[in-house]
Amino acid sequence: MITKTEKSNDAARRLEPSGEIQIAKRTESRREKRVFHAIASKALDCGSIFLNATFGELKKEAFGALMYHRVAPAEPKSSPPTWNVTPERFRKQLSGLLALGFEAWPLSKALERRRNHETIPRRVFVVTFDDGYQCVYKYAWPILRELKIPATVFLVTDLLDDEGPMPFDDWSLAGRTEAEPSVWRSLMKKQCVEMLESKLIEVGGHTHRHLDYRGRPDAFFDDLRESKRKLLEWFGIETPPFAYPFGLVGSEMRFGPEKTGYSCALTTDAELIVPQSDPYYWSRFNVKQSDSPRMLEAKLGGWYSVLRSMRPGFSTSEKL
């Protein structure tokens, strides 16, 4: 015998959309969100360029740091690498900034100037790479040599010389035979030594294991010490710079790099570095394939950060 409750539930089920309809609605909702985000991002970029061209740079005593990950050719007939800028675009971005009157400094030089309370020219910028993919050695370094632009590569020390994909890599082709290994493998120690010997490249720590250490300060401190020990053992670097993995910085992690002897710590917050900025919380701008030299000029000019903070759905942090 069917109870009233069962009849009520059955009627409710008949009124509910089918599973296929629900999936379709969710898919459409995600598609709409992607379209909205793309339009909002384009508007943000165009607005930043316009304001920078019209009113000039914000903050007289400031400079910016750029953050790259991969520099590799686009994969034809397959999913493009995530967080990637092609070599052609990379060259155009950096040479374009030089043509616009910008000057690239090593991170260590900017840090020393700031700690000595010395002035840093407004159009100085710093180039950094997170994770330490082999494609930095293969594709980015020759361009940096050509343009005489210094850069800092933040290494995941536990993965150096590893032939497998990085465990945190979000690219679907990482570790696959159809994808070029240099795009998903970590750098080798001998490649790091070669770049360091050029005096154009500096290396720093990106933790030993590249994990999310929020809420685990003791594990974070241990990881910092191990990464620093490896950098000293392999490359003779006593006081390396540091970059937070994923851009995630819990309050309990904030003083870890300073207490364990790193020279500075970089986040993924899309902000300029000013004299008052804590060197253990310096910000960086993520660089995208779509960024033109004018777009990077707007980021380094300060307008991008202002507009980004005003847009719903955007924050100044670009967590990776």
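I began with the burial of one charged pair in this predicted model, and I noted that Asp169 and Arg70 are both buried. Looking at how these two side chains meet, I found that Asp169 forms a salt bridge with Arg70, with 2.7 Å between the closest N and O atoms. Asp169 sits in the loop between strand S6 (151-155) and helix H6 (189-197) while Arg70 belongs to strand S2 (residues 70-71), so the pair ties together parts that are 99 residues apart in sequence.

I then looked up the total and noted that the structure holds 16 salt bridges. Among them I picked out Arg123 and Glu297, whose side chains meet at 2.8 Å, N to O. This pair links distant parts of the chain, 174 residues apart, with Arg123 in the loop between helix H4 (107-115) and strand S5 (124-131) and Glu297 in helix H9 (residues 293-301). Arg123 counts as partly exposed because its relative accessibility is 23%, whereas Glu297, at 7%, counts as buried. I also wrote down that Arg123 and Glu297 belong to a network of salt bridges that includes Glu57, Arg122 and Arg294.

For another pair, I turned to Glu178 and Arg176, which form a salt bridge of 2.7 Å, N to O. Glu178 is partly exposed, with a relative accessible area of 43%, and Arg176 is partly exposed as well, at 41%.

Last, I asked myself which side chain of opposite charge is nearest to the buried Glu202. I found that it is Lys199, 9.9 Å away, and that Glu202 has no salt bridge. Glu202 lies in strand S7 (residues 201-205), and the residues that Glu202 touches include Pro106, Leu107, Ser108 and Val153.

Definitions and conventions. Residues numbered from 1 in each chain as written. Predicted model: local features only at pLDDT ≥ 70, side-chain atom pairs only at ≥ 80, totals over all residues. Heavy atoms only, no water. Helix = DSSP H or I, 4+ residues; strand = E, 2+ residues; numbered from the N terminus. Buried < 20%, exposed > 50% of the residue type's maximum accessible area, 1.4 Å probe, protein only. Lys, Arg positive; Asp, Glu negative; His and termini not counted. Salt bridge = Lys/Arg side-chain N within 4 Å of Asp/Glu carboxyl O. Contact = heavy atoms within 4.5 Å. Lists of a residue's contacts leave out its neighbours within four places in sequence.
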